[in-house]
Each structure stands twice: as structure tokens, then as C-alpha cells.
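Subject: A structure for you to look at

Hi there,

Here is the structure I promised to pass on. Have a look at it first, then read my notes below.

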Amino acid sequence: MDLSESKDFLVHTASLKEVRVFSREVFDKLKLDNDLKEELVLAIAEAAQNIVKHGYKGVDSTTDRMEIKISLKDGKLEIGFFDKGKPVVPENVQHRQLDDIKPGGLGTFFIKQIMDAAVFKKDQKGWVNHLVLTKKI
Amino acid sequence: MSYKVTEEGNVATIHLDGEIDMDVTEKAKEVILPIVESGKEVHLNLSQVQYMDSSGISVLIESHQKALENNTKVVVKEVSKSVLKVIMMAKLEQILNLE
């Protein structure tokens with residue numbers, strides 16, 4: 001079953017629950033195994049959290065919205081994130097070393113563990129950043 | 001997220017309920033850290049927590065480290081399968097006191 005759905009959210013921590021609800025609804029339509037579904041929901045929520053936490057670092061509140069687009073075609077899941085936060089320098093997106101036990105720095109690690117690829121694209125018409133996560137399912 | 005705290009002797013049990021994400025981590029820390037800093041042993045019961053992201057994991061790490069500083073410990077109890085999976089993904093199952 002091929003599918004493509006998108007939704008936009010206010011850039012705010014309170015939107016993260018809505019992001020998870022949207023993602024679960026889409027993955028329910030795809031009848032994904034529950035463990036895979038929850039892994040994908042975590043990856044999506046971490047990427048959305050990165051937008052709120054890093055893309056809008058130092059911004060108390062904003063009316064900006066971010067868009068998440070989930071597509072499945074020919075067994076390849078593609079999840080796009082569009083935002084108007086600070087421009088991301090992909091080379092600077094690093095997770096902490098796992099043996100350096102301290103709070104923070106795990107979101108990007110989780111995304112890399114769960115997804116096959118995470119790439120910032122340069123085709124972000126009208127947006128500042130366009131992150132694409134992909135996974136063969 | 002909601003919570004309930006019960007105390008018996010030097011042990012405080014904190015039952016967390018709901019999904020632990022970046023939106024509620026400050027609230028979780030406000031509940032947990034003062035009790036840890038008081039020197040009590042803290043038992044975090046996560047049986048009603050079905051989702052935890054990296055922010056929630058950070059709260060567990062910070063609580064654990066704060067406990068070590070205060071010569072006490074945080075025991076993480078009744079972890080749901082989904083949360084355990086995230087803890088294991090972070091390779092923290094040998095670091096945190098899981099029961």
C-alpha cells in the first residue's frame with residue numbers, strides 16, 4: 001500500500017504529542033507491526049524535538065510551524081521534516097559518545113539507530129531546512 | 001504526565017504516569033531531583049509510562065548521577081517493554097539500577 005500524508009504543527013514542545021499521534025495514525029493505516037511503529041514514532045518525535053530544541057534555540061515562543069510528511073512507496077518509507085528555524089549545518093549534527101554518560105545528545109543517535117538514512121536536502125522551497133529520513137520496511 | 005509520591009522510611013517511590021517527552025521533563029525533574037537531593041533512596045516506578053524519548057532518558061541519567069553525588073541511589077522499577085527498549089538502545093541497562 002502506497003501512501004503520503006502530511007501535517008503541520010506549531011513549533012513548540014507541546015506539539016510533540018500531536019506529532020506522535022499523527023505518526024501513529026499514519027502507521028496504523030499501514031498496519032505496521034507495533035514494535036516497528038513505536039520505533040518509527042520515536043525517530044519522528046526525536047527529529048521534531050531537534051527542530052524545537054536546536055532550530056529555535058534561544059527563541060522563547062514562535063508562531064512558526066513545521067511540516068512532517070510521511071510517504072510509503074514501493075516498500076520505502078520516507079519521512080520529510082520542513083522547518084524555518086536556524087539553518088542546519090549537517091556536519092555539525094553529531095550525537096554524543098554512548099560511553100560518555102551524561103544527559104542529552106541521544107536524539108540523533110536514536111534516529112540513526114532506527115532509520116536507514118538521515119539526509120538534509122537542498123530542495124526546501126519556502127523552508128529553511130528539509131530533513132529526510134528513510135527506511136526500507 | 002502525572003505522578004504520585006509515597007514515602008516509607010528512607011525510600012520514596014515515585015509513580016510516573018503518561019508519556020515522558022521534552023514537554024514534561026522539567027516537571028519530572030522538579031518532582032524527582034529534590035527528593036534525590038534530600039538523600040532519600042528513590043524508586044521510580046515506570047509501569048504506567050508507555051513512551052519515553054531521549055529527553056526522558058536524560059532525566060533518568062541526571063537523577064542517577066545526582067543520586068551518586070548525594071550518596072544514595074535511584075532504582076528504576078517495573079519498566080514497560082517499550083521504555084526498556086529505549087533504555088537498551090541508549091545502552092544504559094548496565095548503568096541505571098533497573099529492577
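Following chain B from its N terminus, you meet its elements in the order β-β-α-β-α-β-α-β. That makes 3 helices and 5 strands (DSSP runs numbered from the N terminus, with helices being H or I of at least four residues and strands E of at least two).

This is a predicted model, where local features need pLDDT of at least 70 and side-chain atom pairs count only at pLDDT 80 or more, while totals for chains, interfaces and linings use all residues. Residues are numbered from 1 along each chain as its sequence is written, and chains are lettered from A and ligands numbered from 1 in the order in which they are written.

Now the overall shape. The C-alpha atoms of chain B fit a box of roughly 30 × 25 × 20 Å along the principal axes. Chain B has a radius of gyration of 12 Å, which agrees with the value near 13 Å for a compact globule of 99 residues (taken over C-alpha atoms; the rule is 2.2 Å times the number of residues to the power 0.38). Of those 99 residues, 39% are buried, meaning 20 or more other C-beta atoms, placed from the backbone, lie within 10 Å of a residue's own.

Finally, the partner: 17 residues of chain B are in contact with 20 residues of chain A (C-beta atoms, placed from the backbone, within 7 Å). Helix H2 (54–69) and helix H3 (81–89) of chain B each give two or more residues to this side, and H2(B) gives the most, with 6 residues.

Happy exploring!

Key. A residue is buried if 20 or more other C-beta atoms lie within 10 Å of its own, exposed if 12 or fewer, and partly exposed in between; C-beta atoms are placed from the backbone. Two residues are in contact if their C-beta atoms, placed from the backbone, lie within 7 Å.
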